[in-house]
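Trainee: Got a minute to walk through this one with me? I'd like to start with the ground rules and then poke at a few residues.

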Amino acid sequence: DLDDPRRHVFTYTRYFHLPYLFADDPDSIDRVLFVGGGGFTGPKRFLADYNATIDVVEIDPEVVRVAREYFRVPDTERLNVHVGDGRQFLRETNRTYDLIVLDAYQKDKVPFQLTTVEFMRLAERRLSEDGLLFANLISAPSGPAGEFYRAEHRTMARVFPRVYTFPTVGGPVVQNVELVATKSETVVDESTLRARNRNRSI
């Protein structure tokens, strides 16, 4: 949207903000990593809405070029764009993140190397003590078409104490299904999320 480059054109990208409701203190989310750049909708909104430094790892340099040319990716010291594989980046970096957002795709599939228990353990080690992991999947939330969602939920649950599911449309159809994983054992229930949504500037 050239008139409003930060607008959420697709509904599912609004869910990227969920971790700011799960955090006890949303201001504690200082450093965010996006694995997968695409049109940079999430990073652009985070830069505008929150006081956080954003790292983006995108494997395809052409995606980065197109995003800079056509999607108005801002040139700011709070945004660091790295061209490379997300798993390799996490393996080699010594940074710790308060939030990691997984939004990488090859066509309509998440790259295999970003779906394994080993990757989830790596991501967990790169999160701060209260860090959060957010994953965008394309799957059904139930039924025969939900096999990938169920497998990924099980994988994340082997590493993180709590994993929460947010389908973005109704019914057991293929859609964007969002997962939030926390390092805390404490359950964050729906009423808490709704109250925080009313009271916080998210």
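Mentor: Sure. Helices here are DSSP runs of H or I with at least four residues, strands are runs of E with at least two, and both are numbered from the N terminus. Keep in mind that this is a predicted model.

Trainee: With that in hand, where is R72 placed?

Mentor: Phi of R72 is near 55°, a positive value in a residue other than glycine. R72 is neither in a helix nor in a strand: its place is the loop between α3 (61–70) and β3 (79–83).

Trainee: Is R72 buried, partly exposed or exposed?

Mentor: Buried needs under 20% relative accessible area and exposed needs over 50%. R72 has 48%, so it counts as partly exposed.

Trainee: F40 caught my eye too. Is F40 buried or exposed?

Mentor: Phi of F40 is near 65°, again a positive value in a residue other than glycine. F40 lies in the loop between β1 (31–35) and α2 (41–49). Its relative accessible area is 1%, and the limit for that class is under 20%, so F40 is buried.

Trainee: Let's zoom out. In what order do the elements of the protein chain run?

Mentor: The secondary structure comes to seven helices and seven strands. From the N terminus on, the elements run α-β-α-β-α-β-α-β-α-β-α-β-β-α.

Trainee: What radius of gyration does the protein chain have, and what would a compact globule have?

Mentor: The C-alpha atoms fill a box of roughly 40 × 35 × 35 Å along the principal axes. For 202 residues, a compact globule would come out near 17 Å, and this agrees with the value for the protein chain, 16 Å.

Trainee: What share of the contacts joins residues 24 or more positions apart?

Mentor: For background, buried residues make up 48% of the 202 residues. As for contacts with a separation of 6 or more, the share from residues 24 or more positions apart is 68%.

Trainee: And the surface: what part of the exposed area do carbon and sulfur atoms supply?

Mentor: The protein chain exposes about 10700 Å². On the charge side, the mean positions of the 27 positive and 30 negative charges are 3 Å apart. Of the exposed area, carbon and sulfur atoms supply 46%.

Trainee: Back to single residues. Which side chains make polar contacts with the side chain of H8?

Mentor: H8 sits in the segment before α1 (19–22), and at 7% relative accessibility it counts as buried. Leaving out residues up to four places away in sequence, H8 touches T13, R14, H17, T41 and R45. Two side chains make polar contacts with that of H8: at 2.7 Å there is T13, and at 3.1 Å there is H17.

Trainee: Which residue of strand β7 does L132 touch, besides A181?

Mentor: L132 is found in strand β5 (residues 127–139), and with a relative accessible area of 4% it is buried. Its contacts beyond four places in sequence include P19, F22, I100 and A181. Strand β7 covers residues 175–182, and the other one there is T182.

Trainee: Which backbone oxygen does the side chain of T182 reach?

Mentor: T182 is buried, with a relative accessible area of 6%. Beyond its neighbours within four places in sequence, T182 is in contact with residues including F22, L132 and Y164. At 3.1 Å, its side chain reaches the backbone oxygen of S184.

Key: Residues numbered from 1 in each chain as written. Predicted model: local features only at pLDDT ≥ 70, side-chain atom pairs only at ≥ 80, totals over all residues. Heavy atoms only, no water. Buried < 20%, exposed > 50% of the residue type's maximum accessible area, 1.4 Å probe, protein only. Polar contact = N/O pair within 3.5 Å; in protein donor to acceptor, adjacent residues only side chain to side chain. Contact = heavy atoms within 4.5 Å. Rg over C-alpha atoms; globule rule 2.2 N^0.38 Å. Areas by Shrake-Rupley, 256 points an atom, 1.4 Å probe, with all protein chains shown as cover. Lys, Arg positive; Asp, Glu negative; His and termini not counted. Charge placed at Lys NZ, Arg CZ, Asp CG, Glu CD.
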